[in-house]
Amino acid sequence: MRRMMTALIALMLLASPAAHAVQPDEIMSDPAKESRARELSRELRCMVCQNQSIDDSDAPLARDLRLLVRERIAAGDSNSQVLDFLVARYGEFVLLKPRFERQTLLLWLLGPALLIGGGLALWLQIRRRSRSGADVPAPPLTPEEEARLAALMSDEARSS
C-alpha cells in the first residue's frame, strides 16, 4: 500500500504542469492585461536567479518586478514601453533575449561567426590533407625492406 501511494504521488508530481511563481494576489482582474503581464514576465530575467524568468522565480525581487510590470500595464503602457522602462532602470541584462542593437551586436554575431569560422577551418584542413596525400608518391622500398616484405609474404602463403 505504501509503495502504491508513493508511486501515485510521484506520478502526480511528474504529470502536473510546471508551476509558476505568480501569486494569486498579483493576478490582474482583466484577463487580457494579465495575459500581457505574463507574456512580458516570461521575457524578463530574474536578477537573483539569473537563469529564470521572473514568471518562474520565487525570489522577492522577481515578485517586485512582476508587480512593477503589472503597475505599468495598468497605467496604460504598451509592452515596448514596459520593457524600455525596465531596461532603463536595470540595464539590458534584465532581458532574457537581448535586443539586436549596436551594443549587443557582438553577442548576436559571435556565435554564428565562430560556427562559420570553425567550418571553414575544418574544410581547409580536410582539403589540405587530401591534396598532400595525393600529390606525394610513396618512396621506393629499400632492398632490405623488399627482402623483409618477400619473407613476410612467403610466411603468409605457407600458413594459409
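Me: How do you know where the "transmembrane region" lies?
Reply: That comes from the record: UniProt, in an unreviewed entry, lists residues 105-124 under this name. The annotation may be inferred rather than shown by experiment. The structure you see here is a predicted model, and in it the span 105-124 is 100% helix and 0% strand. Its end C-alpha atoms lie 28 Å apart.

Me: What makes up the rest of the fold, and how many helices and strands does the chain have?
Reply: There are 6 helices and 0 strands, so a DSSP run of helix underlies each element. Read from the N terminus, the order is α-α-α-α-α-α.

Me: Why is α2 called oblique to α4?
Reply: Helix α2 (residues 31-43) and helix α4 (residues 79-90) pack at an angle of about 40°, and their axes are 11 Å apart. Roughly parallel would need an angle under 35 degrees, and roughly perpendicular would need 65 to 115. The angle of about 40° fits neither range, and therefore α2 is oblique to α4. The crossing of α2 past α4 is right-handed.

Me: What makes the contact of α2 with α4?
Reply: From α2 come Arg36, Glu39, Leu40 and Glu43, while α4 brings Asn79, Val82 and Leu83. They count as in contact because heavy atoms lie within 4.5 Å. By type, these residues divide into 3 nonpolar, 1 polar and 3 charged.

Me: What share of the chain counts as buried?
Reply: Of its 160 residues, 20% do; the cut-off is under 20% relative accessible area.

Note on methods: Residues are numbered from 1 along each chain as its sequence is written. This is a predicted model: local features need pLDDT of at least 70, side-chain atom pairs count only at pLDDT 80 or more; totals for chains, interfaces and linings use all residues. Side-chain values use heavy atoms; hydrogens and water are left out. Axes are lines fitted to C-alpha atoms, for helices over the stretch in contact, and angles run from 0 to 180 degrees between N-to-C directions. Helices (H or I, at least four residues) and strands (E, at least two) are DSSP runs, numbered from the N terminus. Angles under 35 degrees count as roughly parallel, over 145 as roughly antiparallel, 65 to 115 as roughly perpendicular and the rest as oblique. A crossing is left-handed if the near helix is turned anticlockwise from the far one by less than a right angle, and right-handed if clockwise. Ala, Val, Leu, Ile, Met, Phe, Trp, Tyr, Cys and Pro count as nonpolar, Asp, Glu, Lys and Arg as charged, and the others, Gly among them, as polar. Buried means under 20% relative accessible area, exposed over 50%, partly exposed in between (1.4 Å probe, protein chains only).
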